[in-house]
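Please go through the sequence and the model below with an eye to how individual residues and helices are placed. The explanation that comes after them moves from one site to the next.

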Amino acid sequence: MPDRNRPTRTAPDTRPPADEHPTGDTNLFDYDAELRPHNDHLRAAARIGPRDHVLDIGCGTGRTTREAARAAVAGSALGVDVSARMLDQARRLSHDQGLTNVTYEQADAQTHRFPPAHFDTCISRFGTMFFADPVAAFTNIGRALRPAARVVLLVWQDRDHNEWATAIRRSLPDATPAPTPPTGGPDAFSLADPAVTERILTAAGFTDVTFTDVHEPVYYGPDSATAFEAVRRLKEFDDRLAGLDPTTAEQARTRLRATLAAHDTGTGVYFDSHAWLVTAHRP
C-alpha cells in the first residue's frame with residue numbers, strides 16, 4: 001500500500017559530482033540535473049551488490065546506469081533507451097570516466113530480446129511510463145530477471161501533485177490537461193495510480209509490490225533565463241507552439257518566462273513534485 005507518511009523532501013544540491021562532467025549534445029534537456037535528488041532514493045532502494053547484473057530501463061544519458069555500474073564492481077550494468085542521441089552521450093561519458101562494466105543498447109524494452117534470467121536487479125528513473133502495452137513490457141522485462149530479482153522504479157504521481165507539469169502547461173495555449181490513461185499506456189502519468197500499477201505488475205508476474213512517496217523538488221536551471229532555454233528543449237513545448245501564429249506563440253513564451261521567474265529562488269529554478277518509488281519481486 002502507498003506510504004505517504006515518510007517525509008523525503010530535501011534541499012537539492014544541483015552541482016555535478018566530480019565524476020560527472022556533461023559533454024556532447026547541449027541541445028538535450030538535462031534530466032540528470034532536474035532529477036538529481038531522486039537519484040539518491042533510487043540508489044538507496046536498489047541496494048545494488050558488487051556482483052549484481054543490473055538492467056536500467058529508459059536510461060537516457062546513463063547517469064543511473066553509471067551509478068549502478070560503480071556499485072556492481074564485479075558485475076555489470078546495461079542501459080536501454082529509445083533515444084540514439086541520449087545513448088551517444090551516455091557512451092561518451094562512460095568512456096571518459098573509464099567504466100568498463102557498462103553497456104548501452106538502443107531498444108524498446110517492451111519487445112527487446114534480453115538474455116533470459118540474466119539480471120539481478122532492474123531499475124528505472126521515470127523510464128517505464130510510456131509503454132504502448134505495459135503488461136507486455138513488464139512481462140518481457142520479467143523474463144530477463146533471475147528468480148527473486150528486484151524491480152525498483154520511480155514513476156510520477158498524478159499531474160495535480162506535480163507542479164512542474166501544471167505550472168508549465170498553463171503557460172501554453174489550450175492548456176487543458178489530458179486525462180491520465182486509466183489502465184496504463186504511453187503517458188508521463190500512466191503509472192500514477194498505485195492500484196493500476198499494481199495490477200500491471202501483478203499481471204506481468206511480479207509480487208510484493210510496494211509504493212513509497214518521494215517528495216522532492218525538480219530543478220530547471222540556475223536562473224529563469226537558463227530555465228527558459230531548458231524548457232524550450234522539451235518536445236511538448238515545441239509541439240504546442242508549432243503552427244501557432246507569431247503573436248500567440250510569443251504570448252505563450254512570455255507566460256512561460258513569468259512562470260519560471262516566479263519559481264526562481266535565487267539559487268535555482270525549482271518546481272514541486274511527487275513520485276512513487278515502486279518495488280516488486282520476480283518469483
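What follows is a walk through a helix, a buried side chain, two backbone angles and a helix pair.

The model is a predicted one, and the values discussed here are computed from its atoms. A convenient place to begin is helix H6, which spans residues 163-170 and has six of its eight residues buried, so that it is largely enclosed by the rest of the structure. The buried residues of H6 are Trp164, Ala165, Thr166, Ala167, Ile168 and Arg169, a list that contains an arginine as well as a tryptophan and an isoleucine.

From there the reader may turn to aspartate 32, which lies in helix H1, residues 31-34. Its relative accessibility is 11%, and because buried means under 20%, aspartate 32 counts as buried. The side chain of aspartate 32 is joined to the side chain of threonine 61 by a polar contact of 2.9 Å. When residues up to four places away in sequence are left out of the count, aspartate 32 touches Thr61, Arg63, Arg66 and Arg125, so the threonine of the polar contact appears again among these neighbours, in the company of arginines.

The backbone also deserves attention at two residues. Arginine 47, although it is not a glycine, has a positive phi of about 50°, and this residue is found in the loop that runs between helix H2 (36-46) and strand S2 (53-57). With a relative accessible area of 59%, arginine 47 is exposed. Alanine 148, likewise not a glycine, has a positive phi of about 75°, but its place is in strand S6, residues 145-156. The relative accessibility of alanine 148 is 55%, and since exposed means over 50%, alanine 148 counts as exposed.

The last step concerns a pair of helices. Two packed helices are described by the angle between their axes and the distance between the axes. For helix H5 (residues 134-143) and helix H7 (residues 194-203), the angle is about 50° and the axes are 8 Å apart, and H5 and H7 are therefore oblique to each other. The crossing of H5 and H7 is right-handed. On the H5 side, the contact is made by Pro134, Val135, Phe138 and Thr139, while H7 contributes Ile200, Leu201 and Ala203. Sorted by character, the residues of this contact between H5 and H7 comprise six nonpolar and one polar, with no charged residue.

Terms used
Residues numbered from 1 in each chain as written. Predicted model: local features only at pLDDT ≥ 70, side-chain atom pairs only at ≥ 80, totals over all residues. Heavy atoms only, no water. Buried < 20%, exposed > 50% of the residue type's maximum accessible area, 1.4 Å probe, protein only. Helix = DSSP H or I, 4+ residues; strand = E, 2+ residues; numbered from the N terminus. Polar contact = N/O pair within 3.5 Å; in protein donor to acceptor, adjacent residues only side chain to side chain. Contact = heavy atoms within 4.5 Å. Axes fitted to C-alpha atoms, helices over the stretch in contact; angles between N-to-C directions. Parallel < 35°, antiparallel > 145°, perpendicular 65-115°, else oblique. Left-handed = near helix turned anticlockwise from the far one by under 90°. Nonpolar A, V, L, I, M, F, W, Y, C, P; charged D, E, K, R; others polar.
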